[in-house]
Amino acid sequence: MSNAQIVLRAQGLTKTYLTGPQPVTVLREVSLRVHAGESLAIVGASGSGKSTLLHLLGGLDHVSAGEVFWNEQPIAKMAGNAQDTLRNAHLGFVYQFHHLIGELTALENAALPLRVRRMPIPAAQNRALELLTHMGLANRAAHLPSELSGGERQRVAIARALAGNPKCLLADEPTGNLDRENAERVFDTLVQACKTQGAALILVTHAVDLAQRCDRMLRLDDGVLS
């Protein structure tokens, strides 16, 4: 991966919360980088700071120290609207809970990021159907989330995250709410879809056996990444 483009980089990230009587440092000088087409798993116990790290990488929270770079652009120096624009073009998000909109079909949910970009409905839905088909869900495109299984809902969420051709996908325990069979299927779908699109993947999970199937695996322990 040394010759591939670095799509996301973090340098010396520290996150300290000051809401209680004593400061609580959740992350301590975390540095990482991920290249185009590479899958990176970050494993750690519950409460180790995995989700906090993902929020910082995605620009959803502010660092106490350090810097995050998207396409070698430091996000802290961007205006808020510039961050939003780059995030929409550069990043995709998948969470443990699918966060699909219940009133929309699988196809409409998957097409939603493209509609936010004001892509015409036919083009957005064609792209969404292409992704759903790739994930074995073409025959479920017209179904509402309530009519889908947990694994199917999560695959729709992956399609939605990939619809805008992001350069990096951030996945927070995407299989944590699934049984073993569905977890493995969703994991394989996620990794393969990213490789097909040439997108980098940063996956945080407590499932070491799945994490070991990524290109690289790092451990987060007491806020320290190694």
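Colleague: How do you know that S1 is joined to S2?
Modeller: Eight bridges join S1 to S2, and the two strands run antiparallel; two strands count as paired if DSSP finds at least two bridges between them, so the eight bridges here meet that condition. One of the bridges sets Ile6 against His35 in S2, and the two strands form a hairpin with six residues between them. All of this is read from a predicted model, in which local features need pLDDT of at least 70 and side-chain atom pairs count only at pLDDT 80 or more, while totals for chains, interfaces and linings use all residues. Residues are numbered from 1 along each chain as its sequence is written, and side-chain values use heavy atoms, with hydrogens and water left out.

Colleague: What makes up the open sheet in which the pairing is antiparallel?
Modeller: Four strands form that sheet, in the order S2-S1-S4-S5, where strands (E, at least two residues) and helices (H or I, at least four) are DSSP runs numbered from the N terminus. Its edge strands are S2 (24–35) and S5 (73–74), each of which pairs on one side only. Within the sheet, S1 (residues 6–17) and S4 (residues 65–70) pair in the antiparallel sense over five bridges, with Thr14 standing opposite Ala65 in S4. Helix H1 (residues 50–57) lies across S1, S2 and S4 and runs at about 125 degrees to S1, an angle taken between N-to-C directions on a scale from 0 to 180 degrees, with axes fitted to C-alpha atoms, for helices over the stretch in contact.

Colleague: Why does Gly37 count as buried?
Modeller: Buried means under 20% relative accessible area, exposed means over 50%, and partly exposed lies in between (1.4 Å probe, protein chains only); Gly37 has 16% relative accessibility, and therefore counts as buried. Gly37 lies in the loop between S2 and S3.

Colleague: Why is the pairing called mixed in the sheet of six strands, and what is their order?
Modeller: The order is S6-S7-S8-S3-S9-S10, and the sheet is open; the word "mixed" describes its pairing as a whole, and the pairs I can give in detail are parallel ones. S3 (residues 39–43) pairs with S9 (residues 216–221) in the parallel sense over four bridges, and Val43 stands opposite Arg219 in S9. S3 also pairs with S8 in the parallel sense over five bridges, where the bridge partner of Ser39 is Leu201. S7 and S8 likewise pair in the parallel sense over five bridges, with Leu170 opposite Ile202. The edge strands are S6 (91–95) and S10 (224–225), each pairing on one side only.

Colleague: What makes S8 largely enclosed by the rest of the structure?
Modeller: Six of the six residues of S8 are buried, so the strand is largely enclosed. Both of its faces are covered, with Ala200, Ile202 and Val204 buried on one side and Leu201, Leu203 and Thr205 buried on the other.

Colleague: Why is H5 also described as largely enclosed?
Modeller: Eleven of the 13 residues of H5 are buried, so the same description applies. Its buried residues, among them Gly151, Glu152, Arg155 and Leu162, pack against S6, H3, H4, S7 and H6, where contact means heavy atoms within 4.5 Å. H5 (residues 150–162) lies across S6 and S7 (168–172), running at about 165 degrees to S6.

Colleague: How do you know that the span of H6 agrees with what it should be?
Modeller: The expected span of a helix is 1.5 Å times one less than its number of residues, so the 18 residues of H6 (residues 180–197) should span 26 Å, and its end C-alpha atoms are indeed 26 Å apart. Among its buried residues are Ala183, Phe187 and Leu190, and what covers the buried residues includes H4 (121–134), H5, S7, S8 (200–205) and H7 (208–211). Just after H6, Gly198 takes a positive phi of about 75 degrees.

Colleague: What lines the largest pocket, and which residues lie nearest its centre?
Modeller: There are 18 lining residues, of which Asn88, Leu91, Gly92, Phe93 and Pro113 lie nearest the centre. A pocket is an open set of points on a 1 Å grid over the protein atoms alone, where a 1.4 Å probe fits, with protein on both sides within 12 Å along at least five of seven lines, and lining residues have an atom within 4 Å of a point. The elements giving two or more residues to the lining are H2 (80–90), S6, H3 (106–116) and H5, and S6 gives the most, with four residues. The volume is about 400 Å³, meaning the space filled by probe spheres set on the points, which are joined across faces, edges and corners.
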